[in-house]
Amino acid sequence: ITAALRTSATAIGNTLGFVPRDISTRSMRAGGTMALLLSNVDPDHIKLLGRWRSDAIMCYLHITARPLMQHFATAMVANGKYAQIP
């Protein structure tokens, strides 16, 4: 699977921002896990589906989620009803 993915990435070129050697089945596992989480699948079910034996799943999710969460703090402050205390 890794070889096929890397071949496809080579054919596409550098337009995606990564090189073929960055792709492996491990990245698919992390990406699939994140996709399920974003689809509101229960993390315990994700652990079962992915045969995760520990809470290492959270490390993968944290690394993958970082770009998605960049603007959450700004959105929370902008959309919340907060008062600044002098």
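**Exercise 1. The chain as a whole**

How much accessible surface does the chain have, and what share of it belongs to carbon and sulfur atoms? Describe the overall make-up of the chain as well.

*Solution.* Before starting, keep in mind that this is a predicted model.

Step 1: The accessible surface comes to about 7,200 Å², and carbon and sulfur atoms account for 61% of it.

Step 2: Now look at the elements. The chain has 5 helices and 0 strands, so from the N terminus on the order reads α-α-α-α-α, by the way helices and strands are numbered.

Step 3: Turn to burial. The chain has 86 residues, and 12% of them count as buried.

Step 4: Finally, take the contacts between residues at least 6 apart in sequence. Of these, 31% join residues at least 24 apart.

**Exercise 2. Leu5 and its partners**

Find Leu5 in the structure and work out which residues it touches, not counting residues up to four places away in sequence.

*Solution.* Step 1: Go to helix α1, which covers residues 2-12; Leu5 lies there.

Step 2: Check its exposure. Leu5 has a relative accessible area of 28%, so it is partly exposed, as that class lies between 20% and 50%.

Step 3: List the partners. With those sequence neighbours set aside, Leu5 touches Ile23 and Met28.

Step 4: Take a closer look at one of these pairs. Leu5 and Ile23 are 18 residues apart along the chain, and their C-alpha atoms are separated by 7.0 Å.

**Exercise 3. Two residues in one loop**

Asn40 and Val41 await you here. Is Asn40 buried or exposed? Is Val41 exposed or partly exposed?

*Solution.* Step 1: Locate the loop. Asn40 sits between α2 (25-38) and α3 (43-49), and Val41 is found in the loop between α2 and α3.

Step 2: Begin with Asn40. Its relative accessible area is 71%, and over 50% means exposed, so Asn40 is exposed.

Step 3: Look at the backbone of Asn40. Its phi is near 65 degrees, a positive value in a residue other than glycine.

Step 4: Move on to Val41. At 24% relative accessibility, Val41 counts as partly exposed.

Step 5: Add the contacts of Val41. Leaving aside neighbours within four places in sequence, Val41 is in contact with Leu36 and Ile46.

**Exercise 4. Two surface patches**

Which residues gather in the patch of positive charge, and which make the nonpolar surface patch?

*Solution.* Step 1: For the charged patch, pick out Arg26, Arg29, Arg51 and Arg53, which gather on the surface.

Step 2: Examine one member. Arg26 lies in helix α2, and with a relative accessible area of 57% Arg26 is exposed.

Step 3: For the nonpolar patch, find Met69, Phe72, Met76 and Tyr82. Together they make a patch of about 470 Å².

Step 4: Examine one member here too. Phe72 lies in helix α5, residues 72-79, and at 48% relative accessibility Phe72 counts as partly exposed.

Methods. Residues numbered from 1 in each chain as written. Predicted model: local features only at pLDDT ≥ 70, side-chain atom pairs only at ≥ 80, totals over all residues. Heavy atoms only, no water. Helix = DSSP H or I, 4+ residues; strand = E, 2+ residues; numbered from the N terminus. Buried < 20%, exposed > 50% of the residue type's maximum accessible area, 1.4 Å probe, protein only. Contact = heavy atoms within 4.5 Å. Areas by Shrake-Rupley, 256 points an atom, 1.4 Å probe, with all protein chains shown as cover. Patch = residues over 30% accessible without salt bridge, like charges linked within 9 Å, V, L, I, M, F, W, Y side chains within 5 Å. Salt bridge = Lys/Arg side-chain N within 4 Å of Asp/Glu carboxyl O. Lys, Arg positive; Asp, Glu negative; His and termini not counted. Charge placed at Lys NZ, Arg CZ, Asp CG, Glu CD.
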